[in-house]
Protein chains: 2
Amino acid sequence: MRRHNSGEGQYSMSTIIDVAKVAGVSTATVSRVINSPQTVRKQTRDRVCNAMKQCRYKYNALARGFVTKRSQTIGLIVPTITNPIFAESTRGVQDYANKHDYHVILGNTDYRKEKEAKLIQVFREMQVDGMLITTTDLKSQTLKELQEEGFPFVILYSTVRKGPLSCVGVDNFLGGYKATDHLIKLKHKRIAMLAGAFSFSDKSFHRWHGYKKCLKDNGITYNPDYLLQSPYNLESGRQGAIELMSMKKRPTALFCSNDYLAIGAMEGAREKGLRVPEDLSVIGFDDIPMASFISPALNTIRQPAYDMGTDGARILLSHISTPPEKPAHRLLETQLVVRDSVTSPNC
Amino acid sequence: MRRHNSGEGQYSMSTIIDVAKVAGVSTATVSRVINSPQTVRKQTRDRVCNAMKQCRYKYNALARGFVTKRSQTIGLIVPTITNPIFAESTRGVQDYANKHDYHVILGNTDYRKEKEAKLIQVFREMQVDGMLITTTDLKSQTLKELQEEGFPFVILYSTVRKGPLSCVGVDNFLGGYKATDHLIKLKHKRIAMLAGAFSFSDKSFHRWHGYKKCLKDNGITYNPDYLLQSPYNLESGRQGAIELMSMKKRPTALFCSNDYLAIGAMEGAREKGLRVPEDLSVIGFDDIPMASFISPALNTIRQPAYDMGTDGARILLSHISTPPEKPAHRLLETQLVVRDSVTSPNC
DNA sequence: TTGTACGCGTTATCAC
DNA sequence: GTGATAACGCGTACAA
């Protein structure tokens with residue numbers, strides 16, 4: 001039994017060989033005790049278990065992965081863990097994966113293509129068995145390669161009904177439509193949209209299309225000045241609202257493509273001396289837990305993030321065990337949540 | 001060059017052996033091209049690079065870790081990724097680690113001891129080179145074992161000035177003192193505390209001690225009815241506030257041991273028809289980004305979470321390369337942030 | 001039920 | 001500069 005040798009920060013541990021020696025059995029038997037205890041006689045098993053304790057034996061999953069070519073690990077790529085909506089889907093992924101003896105390793109891209117590509121490479125080098133990817137670019141070369149090589153992966157959060165990639169997401173077009181429809185039903189006509197930049201968010205792009213379509217269906221002319229694209233964070237929401245509220249013909253309602261933007265926008269409106277919802281109605285997208293705890297409580301389009309996580313993990317794991325004949329596409333329902341941040345316009 | 005063989009979801013890849021064959025060199029040379037390109041002649045190097053492309057060669061970090069006994073990976077254990085404060089420190093850890101060629105794998109405990117112990121075990125099996133742990137229990141057997149075995153790890157967020165464990169944190173006692181002092185300076189006398197349960201949060205415990213000490217220093221009798229312990233989430237904050245605001249002699253100020261509790265508490269107060277800060281002053285702890293975007297903006301005690309992350313990672317990496325003679329203890333400064341959720345009592 | 005022997009992909013240590 | 005080869009810890013036929 002080797003123990004933490006000193007010197008250069010090296011640190012070594014007992015192996016099944018040490019355990020085998022101590023227990024007076026072969027390494028194969030130790031391995032069996034670990035992987036299929038019932039196949040070894042209780043007496044020997046106990047001897048081995050004692051030896052393991054004595055050696056402070058730690059199982060080496062790396063070595064196992066090396067020989068089985070299965071790391072029992074999946075990679076999860078999200079834009080940012082700072083946004084609770086991704087924390088929520090992450091939780092779903094973890095719960096499902098852990099229940100099926102998989103580990104999850106998490107990486108964030110900060111909505112940047114290069115980081116996404118780098119992460120995918122790193123995860124592959126780490127020999128993950130598959131990946132769940134919330135991508136900034138569905139048509140990227142990196143994803144294309146993954147697919148060509150038959151590497152198992154599933155896209156999260158995207159609006160895709162068909163195509164070669166397996167996806168779990170919501171209908172972002174419809175979500176954008178619902179949000180806009182909600183505002184129009186309350187008689188709003190000057191409706192702005194504060195969107196995550198289309199360059200890194202196809203979701204935002206699809207929500208914008210839903211917004212435009214709904215305007216059109218209701219005979220409202222689309223005004224390009226009422227569209228602002230920005231990063232997905234609180235401060236951008238605040239600045240966006242200030243900019244929009246400074247227009248001579250300012251909007252009476254604002255659709256934000258996520259809740260963080262919306263919460264930031266509400267603060268921006270307050271700074272301009274406007275009340276929400278009396279002077280400006282605001283609706284978000286996501287329904288993060290915080291949305292119902294702020295004042296006024298935020299109207300929003302709810303995404304079933306946790307379910308997206310579990311569904312994505314389920315599909316990925318099935319892809320890993322049996323490569324799919326054709327890609328899976330799963331679209332979950334969004335839901336309009338009505339609270340206190342939207343009312344009819346007073347002008 | 002082997003390629004994705006079909007059948008049972010198996011999926012195999014080219015190795016340096018394949019590359020070596022194609023390039024007509026030895027595996028050692030391929031390895032050199034990967035790890036120290038300058039030591040191999042440009043001509044051969046190019047041959048190898050071409051062969052790698054041709055084979056769609058993917059580097060196998062698992063195999064390297066297996067032989068070098070270094071996974072170049074550190075484990076980070078946080079209570080919950082849902083709370084943005086931990087997202088912030090995680091970011092600090094990642095930035096520092098990545099800059100030094102380490103990967104970070106993340107696990108969350110949900111403030112549960114068993115999950116923490118399990119995670120530590122799993123991370124060790126995955127052969128992480130070290131761990132950063134936000135623990136629920138500084139005196140747990142698991143940590144003691146890690147320490148006995150000389151495994152490199154650093155505790156995050158804890159108030160420890162001495163002792164055998166390396167720690168990076170803030171002075172939670174002092175933080176609790178500062179928060180209470182702020183309220184007392186504004187003439188509050190009936191000051192309640194909504195605390196994360198001491199059973200899983202020593203931080204909360206220390207903040208409570210600071211709170212009590214400050215009351216005492218100012219001649220205010222400590223009232224045990226004014227202490228509520230609860231889980232760390234929005235809903236608990238809401239319920240806690242409702243409970244406290246239902247007392248016959250209700251407090252005029254409330255110190256919450258994190259911002260989530262505080263934001264929840266503000267909502268609870270509103271539901272009881274009370275205004276913040278006029279009828280109830282609220283102060284939190286952490287200073288999550290959201291704190292300055294809600295209305296009224298939250299007074300709080302700022303923790304330098306990002307710095308805690310980078311400092312923790314720095315210390316851990318140094319522990320990994322050279323085992324420390326004695327543990328490191330680093331205490332960062334908290335800072336009172338004054339906004340709009342605290343004012344003088346009106347009764 | 002248990003043991004033997006080999007292979008997995010890479011790095012490190014020698015030789016040349 | 002480059003090549004040959006022995007480790008590394010474990011799983012797994014196959015043999016006993």
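Start with strands β9 and β10 of chain B. β9 covers residues 281–286 and β10 covers residues 299–302; they run parallel and are joined by 4 bridges. Strands count as paired if DSSP finds at least two bridges between them. The elements themselves are DSSP runs, numbered from the N terminus: helices are H or I with at least four residues, strands are E with at least two. One bridge to point at: B:Phe285 has B:Ile301 as its partner in β10(B).

A word on the model. It is predicted: local features need pLDDT of at least 70, side-chain atom pairs count only at pLDDT 80 or more, and totals for chains, interfaces and linings use all residues. Residues are numbered from 1 along each chain as its sequence is written, while chains are lettered from A and ligands numbered from 1 in the order in which they are written.

Now the helices on that sheet. Helix α11 of chain B, residues 259–271, packs on the sheet and touches β6, β8, β9 and β10 of chain B. Its direction makes about 155° with that of β9(B). Helix α8 of chain B, residues 172–185, lies across β6, β8, β9, β10 and β12 of chain B. α8 runs at about 160° to β9(B). Contact here is C-beta to C-beta within 7 Å, with C-beta placed from the backbone. Axes are lines fitted to C-alpha atoms, for helices over the stretch in contact, and angles run from 0 to 180 degrees between N-to-C directions.

The whole sheet in chain B is open, with 6 strands in the order β7-β6-β8-β9-β10-β12 and mixed pairing. Which strands stand at the edges? β7 and β12 of chain B do; each has a single partner strand, so one side of each is left without a neighbour in the sheet.

Over to chain A. An open sheet of 6 strands there has the order β7-β6-β8-β9-β10-β12, again with mixed pairing. From one strand to the next, the twist averages 20°. Helix α10 of chain A, residues 234–245, packs on the sheet against β6, β7 and β8 of chain A.

Domains next. Chain A has domain 1 (2–59), domain 2 (71–170 + 305–333) and domain 3 (173–303). Those bounds come from an automatic or database domain assignment. The C-alpha centres of domain 1 and domain 2 of chain A lie 36 Å apart.

How do the chains relate? A turn of 180° and a shift of 0.0 Å along the axis lay chain A on chain B with an RMSD of 0.1 Å. That is the relation of a two-fold axis. In chain A, A:Ile105 has the C-alpha nearest the axis, 2.8 Å from it. Superposition is by least squares on C-alpha atoms of residues with pLDDT of at least 70 in both copies.

The contact takes 44 residues from chain A and 44 residues from chain B. On the side of chain A, α4(A) gives the largest share, 5 residues.

Last, the DNA. 26 residues surround strand C, and A:Ala28, A:Thr44, B:Thr15, B:Ile16 and B:Ser31 come nearest. Near means a C-beta atom, placed from the backbone, within 6 Å. Around strand D there are 25 residues, the closest being A:Thr15, B:Ser26, B:Ala28, B:Thr29 and B:Val40. For the surface near strand D, α2 and α4 of chain A and α2 and α4 of chain B each supply at least two residues.

Terms used
Contact = placed C-beta atoms within 7 Å.
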